[in-house]
Number of protein chains: 2
Amino acid sequence: MADLHREIAAGVRLGPIGVVRSRFKEPADLPPPLFAPPRFFERSTGQIEVFPEFAAGLDGLEGFSHIIVLFHFHKAGAAKLEVVPPGETKPRGVFATRSPHRPNPLGMSVLRLLARDGPVLEVSGLDLVDGTPVFDIKPYTGRDRKSHVRTGWLRKQRRPAR
Amino acid sequence: MADLHREIAAGVRLGPIGVVRSRFKEPADLPPPLFAPPRFFERSTGQIEVFPEFAAGLDGLEGFSHIIVLFHFHKAGAAKLEVVPPGETKPRGVFATRSPHRPNPLGMSVLRLLARDGPVLEVSGLDLVDGTPVFDIKPYTGRDRKSHVRTGWLRKQRRPAR
C-alpha cells in the first residue's frame with residue numbers, strides 16, 4: 001500500500017516565493033531556543049521579502065497578528081533519522097525534534113507580523129538566518145493554538161508560551 | 001537582490017515520508033472548518049502511516065500531545081494568487097488564507113497525537129483526505145502556541161481555540 005502511494009505521489013518541486021532578511025547571518029549566530037536569554041526571540045526582528053510576482057498573494061494578511069512561515073533549511077546539510085538535540089545527550093528521532101537535518105528540509109516558524117509594506121513583511125520572533133528561502137506564508141488562526149500541550153522529552157523548555 | 005537569491009536557492013524536491021489514512025476520501029467530503037459542526041474535527045480520527053525506512057525518525061514523538069504535519073495538497077490543481085474563501089464574497093491573497101491553491105502546494109495541520117504503534121500514528125483533529133502525502137512531522141511546542149491572536153478578515157471564526 002505504501003509503495004502504491006509512493007508511485008502515485010512521487011513528490012513535488014518547490015521554489016521560493018520570498019527570502020528572509022535577518023541579522024543572523026549564519027546558523028552559528030542563532031542560539032538554540034532553549035539556551036536563548038528570556039525574551040531573546042521576541043525582540044528579534046527582521047523582514048520577509050516576498051518576490052514581486054507573488055506580492056498580490058499577501059492582500060489581507062496585514063489583519064493577522066501572527067503568520068506561519070514554511071521555509072527551506074538551506075544550510076542543513078545531510079538528513080539524519082536520529083539527532084542529539086542541543087543540550088541533550090540522548091539521540092531522538094528527527095521527527096520528534098525541530099532539527100534542520102530532516103528527510104525533507106522544511107522548517108516552520110510562527111512569527112509576529114508587525115507591519116506590511118507592500119511585498120515586505122516586518123516580523124518579530126525571527127529565528128531564521130539571512131537568505132533563508134521562503135516557500136509559503138499562512139495566517140495563524142485559533143485552530144493552530146492548542147491547549148493542554150505536552151512536550152515529551154522537551155522538559156527543560158523554559159517558556160511554555162509566547 | 002531577489003534575483004540573486006533565486007539563483008542561489010533554486011528550490012528543493014520533496015518526497016513523501018508517509019501517507020494519511022482518513023475517512024474523508026475526497027476534498028468534497030471535508031467541510032470547510034468555518035462551516036463544520038462544533039467539535040467536528042476534534043472527533044475526526046485517522047492515521048498517519050510513516051514509510052518503514054523513516055520509522056526510526058519517530059522515536060520520542062509519543063511523549064508529545066500534538067504534532068505539526070506538513071503535507072502535499074495533492075488534489076489542489078492550479079495555484080492562484082487570489083482566492084475567495086468558503087462563505088466569503090471578497091477575494092483575498094492566497095497567503096492570507098489556508099486555501100490549497102498555493103504557489104507551493106504545502107499544507108500544515110496541527111493534530112492531536114493519540115497513540116503511536118510503530119510507524120503508525122493515531123491522530124485526531126484530522127482535516128486531511130485519505131492518501132495525502134506527508135512531507136514532515138514535527139513536535140508541537142510552547143513556542144507554537146501564541147497569545148493575543150488577531151485573525152484579520154476571518155471574523156466569523158467560531159472556535160477561537162481548540
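## The barrel of chain A

In this predicted model, chain A folds six of its strands into a closed barrel, and going round it the order is β2-β3-β8-β7-β4-β9. The pairing is antiparallel. On average, neighbouring strands of this sheet are turned by 45° against each other, direction ignored.

For a closer look at one seam of the barrel, try β4(A) and β7(A): these strands run antiparallel and are joined by seven bridges. Within that pairing, the residue standing opposite Phe71(A) is Gly107(A), in β7(A).

## A salt bridge between two loops

Across all chains, the structure holds 20 salt bridges. One within chain A links Asp130(A) with Lys25(A), whose closest N and O atoms are 3.8 Å apart. Asp130(A) sits in the loop between β8 (120–124) and β9 of chain A, while Lys25(A) belongs to the loop between β2 and β3 (45–50) of chain A, so the pair ties together parts that are 105 residues apart in sequence.

## The barrel of chain B

Chain B has a barrel of six strands too, closed in the order β2-β3-β8-β7-β4-β9 with antiparallel pairing. Its twist from one strand to the next averages 45°.

Here a good seam to inspect is the one between strand β3 (residues 45–50) and strand β8 (residues 120–124) of chain B, an antiparallel pair with five bridges. If you start from Ile48(B), you will find its bridge partner in β8(B) to be Leu121(B).

## How the two chains meet

Now to the interface, where 81 residues of chain A are in contact with 81 residues of chain B. About 7900 Å² is buried between the two chains, and carbon and sulfur atoms give 55% of that area. On the chain A side, the residues that lose the most area to chain B are Phe95(A), Arg143(A) and Lys146(A), which together make up 11% of what that side buries.

Strand pairing also crosses from one chain to the other: β1(A) and strand β1 (residues 12–14) of chain B run antiparallel, joined by three bridges. Val12(A) takes part in this, with Leu14(B) as its bridge partner in β1(B).

## Polar links and the makeup of the chain A side

Six salt bridges are found across the interface of chain A and chain B. An example to pick out is the one where the side chains of Arg98(A) and Asp144(B) meet, at 2.8 Å from N to O. Counting polar contacts gives 36 residue pairs between the two chains, with both residues at pLDDT 80 or more.

Which elements of chain A each supply at least two residues of the side that touches chain B? They are α1 (2–8), β1 (12–14), β2 (18–21), β4 (66–72), β6 (92–93), β7 (106–117) and β9 (133–139). With six residues, β9(A) gives the most to this side. Sorted by class, the side of chain A that touches chain B has 39 nonpolar, 22 polar and 20 charged residues.

Note on methods: Residues are numbered from 1 along each chain as its sequence is written. Chains are lettered from A and ligands numbered from 1 in the order in which they are written. This is a predicted model: local features need pLDDT of at least 70, side-chain atom pairs count only at pLDDT 80 or more; totals for chains, interfaces and linings use all residues. Side-chain values use heavy atoms; hydrogens and water are left out. Two strands pair if DSSP finds at least two bridges between them. Helices (H or I, at least four residues) and strands (E, at least two) are DSSP runs, numbered from the N terminus. Axes are lines fitted to C-alpha atoms, for helices over the stretch in contact, and angles run from 0 to 180 degrees between N-to-C directions. Contact means heavy atoms within 4.5 Å. Buried area is the accessible area (1.4 Å probe) that two parts lose on being put together, summed over both. A salt bridge is a side-chain nitrogen of Lys or Arg within 4 Å of a carboxyl oxygen of Asp or Glu. A polar contact is a pair of N or O atoms within 3.5 Å; within protein, one must be able to donate a hydrogen and the other to accept it, and residues adjacent in sequence count only if both atoms are side-chain atoms. Ala, Val, Leu, Ile, Met, Phe, Trp, Tyr, Cys and Pro count as nonpolar, Asp, Glu, Lys and Arg as charged, and the others, Gly among them, as polar.
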